[in-house]
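Q: Please take a close look at one loop of the model shown below, and then place it in the context of the rest.
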Amino acid sequence: MLRTDVILSTIQMLQAEHLDVRTVTMGINISDCAGPDVTLICRKLKQKLRAKASRLVETCNRIGHKYGVPVTHKRLAISPASVLLEGHGSQAARQLAEALDEAAAELGIDLIGGFTALVQKGMTPGDRVLLESLPEVLSSTGRVCASVNAASTRAGINIDALRRLGELLPQIAERTADRDGFGCAKLVVFANIPEDNPFMAGAYLGAGEPEAVVNIGVSGPGVVSSAVRRRIETSGPLTLGELAEEIKITAFRVARAGELIGREVAAELNVPFGIVDLSLAPTPQVGDSFGEILKALGVEKIGAPGSTAAVAMLNDAVKKGGMFASSSVGGLSGAFLPVAEDAALADAVRQGHLSLEKLEAMTSVCSVGLDMVVIPGDTPPPTIAALMADELAIGVINNKTTSTRLIPAPGKKPGDMVEFGGLFGASAVIEVRNAACSGTFIEFGGRIPPPIHSLTN
Amino acid sequence: MNPSNGQSDDARRYVLNVVAEDRPGIVAVTSGAVVRMGGNIEACSQTVVRGYFTLIMIVCLPADIEVSAIRSAVVDVGSKGGFDVVVRPIHGVALPAMPSESENFIITAFGEDRPGTIFRFTSYLSDKGINIVDLYGDRADDRFVLISQVQIPPQWDLEMLQADLEHMGTELGFTVQVQHENVFVATNELRLRRERVKP
């Protein structure tokens, strides 16, 4: 028999703190859709997605209802689309993306990830076709998300790929200039891309994964910030250690709720359950903000001294609680700092409290990197590439995932406001200091070699 | 001993129920009375609501003791506390009331306090053959909370039950939720009851 106080505390999380499962993402291997004819590829692709995922949305809704825990997003992540583009040209890339877009719409899926190329050590012709198609694909489709792994701890950093991405990003932004460069919000550039990440825009099904798999992302930061605030209000003087303990307990409960639902969805769809991603993924909704947790922890202005330490403590406590809750933790499993998608972070940028440099420092102790950061539209391409290189270097050296989702908003200057709407939020344009000073470094090109694994200071 | 009902020629089983104003020592004096009669306590549970204590025990006592004597023995030890005592012989083995494939759900209702709320909810559940295995209700100011742990037979469509209860809740000024117990287990207990998750 369950105790009444136990029931009430869970009800508190569900109702007052809006516990949800942020995403149930089904990974699907599409390599067997390859073929010499693009029309055939697209037809096989749609058939396969239908066969695997036609019941995904309905199943998530029904099981969410059964437990009183809504599943906010239902998404698909395919194995790298670049594989299907080997031997094909740019026309094929566009057709493939359209097919993915149509299939997702048909299945009631808002975003589909896996328009992906893994180029950390070099590019195949298929990878190149995919990269070059990004301006067109990301401007002409609504649901397709792209990612490029341009660095890894074992391979180093592919500066040639970053140099090209630095040139492509403004092109994507220009093609979506009517939405302030929104196309770039659907492209993530990674170091050490995880094979099982359920979160968009960087989700894809990596090598070593099953034919199909269900991965889940747990509830957002709203639950944690409410728990921290409640603990502070109801307890006497507290130490940071005690607050870390509260975060840990909350993360345990959040991860458990997510895994419960993920496993049942996987069982109903007759596919293996993959992982629980513990990342706290904010949304623009008030209260569902990572930045709010930092404020609850006493960092009055996000970006002030103490911000990095607070992020480190929070990220670590979430991992400890989640790791104890589940033996299937994976994905990114860190705290996200997606500026435009997090009301408090966006506000800190708008007020000038949070600089690009401080944000970068904060990302060194969490995931996922310079995420949803709006930069001036006239930022030179080599500077964009260098920003990516800096962020990816943090991941490569520290043997962890980092990434960038930079949006050079056309015609926008530092301090201008940009509104993407919906889940993608809004943000002020952040200043890129010392722009146009990295061209020579990037022009050298080549690959920064992988780091040494001893002498780790 | 008859294995079907636990009885023998020289021993009998009883349900012993004690209600009293809560104070330290109720269980001690009640169990003392059972021991002095030569009996044994096989199971027991207690609960306290707003200062009122209730105890239920399954006891095994010598067959030659009358029900009235058992009751008197317990009433006598509780004389200072004013025990209300019920003793009922057990004539058979209590069978599970619900089909084994029933699943456990938690129904929670929060809202304004009105007479008849528990009656409406429980009448609905009774009509559907839904067994309540635990019930908690409490009023604070004009607000009332009701938590019932129930066993829902498999023939009922959960979404329809939820719709019915939500509709009733709207009429009564309550928000009602029906949730599978596993979400409460998962978020509170260290060990998951995976076998309860139906594929």
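In which loop of chain B does Asp141(B) lie?

A: Asp141(B) lies in the loop between strand E6 (131–140) and strand E7 (143–152) of chain B. Elements here are DSSP runs numbered from the N terminus, helices being H or I over at least four residues and strands E over at least two. The model is predicted, so local features need pLDDT of at least 70 and side-chain atom pairs count only at pLDDT 80 or more, whereas totals for chains, interfaces and linings use all residues. Residues are numbered from 1 along each chain as its sequence is written, chains are lettered from A and ligands numbered from 1 in the order in which they are written, and side-chain values use heavy atoms, with hydrogens and water left out.

The backbone of Asp141(B) has a positive phi of about 55 degrees, although the residue is not a glycine. Most residues other than glycine have a negative phi, and most peptide bonds are trans. Asp141(B) is exposed, with a relative accessible area of 71%; exposed means over 50%, buried under 20% and partly exposed in between, with a 1.4 Å probe and protein chains only.

Another loop residue of chain B can be set beside it. Arg50(B), which is not a glycine, has a positive phi of about 45 degrees. Arg50(B) is found in the loop between strand E2 (40–49) and strand E3 (52–62) of chain B. With a relative accessible area of 57%, Arg50(B) is exposed.

These loops belong to a chain with five helices and eight strands. Read from the N terminus, the order of elements in chain B is β-α-β-β-α-β-β-α-β-β-α-β-α. Chain B has 199 residues, and 38% of them count as buried. Contact means heavy atoms within 4.5 Å. Among contacts in chain B between residues at least 6 apart in sequence, 69% join residues at least 24 apart.

For a buried residue in chain B, take Leu172(B), which sits in helix H4 (residues 158–172) and has a relative accessible area of 8%. Leaving out residues up to four places away in sequence, Leu172(B) touches Glu112(B), Arg114(B), Thr117(B), Arg120(B) and Phe121(B). The C-alpha atoms of Leu172(B) and Asp113(B) are 9.0 Å apart, with their positions 59 residues apart in sequence.

Chain A also has a backbone feature in a loop. The peptide bond from Met200(A) to Ala201(A) is cis, with omega near 15 degrees. Ala201(A) is in the loop between strand E6 (187–191) and strand E7 (212–217) of chain A.

Helix packing in chain A comes next. Two packed helices are described by the angle between their axes and the distance between the axes. Axes are lines fitted to C-alpha atoms, for helices over the stretch in contact, and angles run from 0 to 180 degrees between N-to-C directions. Angles under 35 degrees count as roughly parallel, over 145 as roughly antiparallel, 65 to 115 as roughly perpendicular and the rest as oblique.

The axes of H2 (residues 38–53) and H4 (residues 90–107) of chain A come within 9 Å and cross at roughly 25 degrees, so H2(A) and H4(A) are roughly parallel. Their crossing is right-handed, which means that the near helix is turned clockwise from the far one by less than a right angle, anticlockwise being left-handed. Residues making this contact include Leu45(A) and Leu49(A) of H2(A) and Leu96(A) and Leu100(A) of H4(A).

The axes of H8 (residues 240–269) and H10 (residues 307–325) of chain A come within 7 Å and cross at roughly 45 degrees; H8(A) and H10(A) are therefore oblique. H8(A) passes H10(A) in a right-handed crossing.

Leu49(A) also appears in the largest nonpolar core, which has 169 residues, as one of those with the most contacts inside it. Such a core is a set of buried Ala, Val, Leu, Ile, Met, Phe, Trp, Tyr and Cys residues joined through side-chain atoms within 4.5 Å. Apart from neighbours within four places in sequence, the contacts of Leu49(A) include Ile28(A), Leu76(A), Leu100(A) and Ile112(A).
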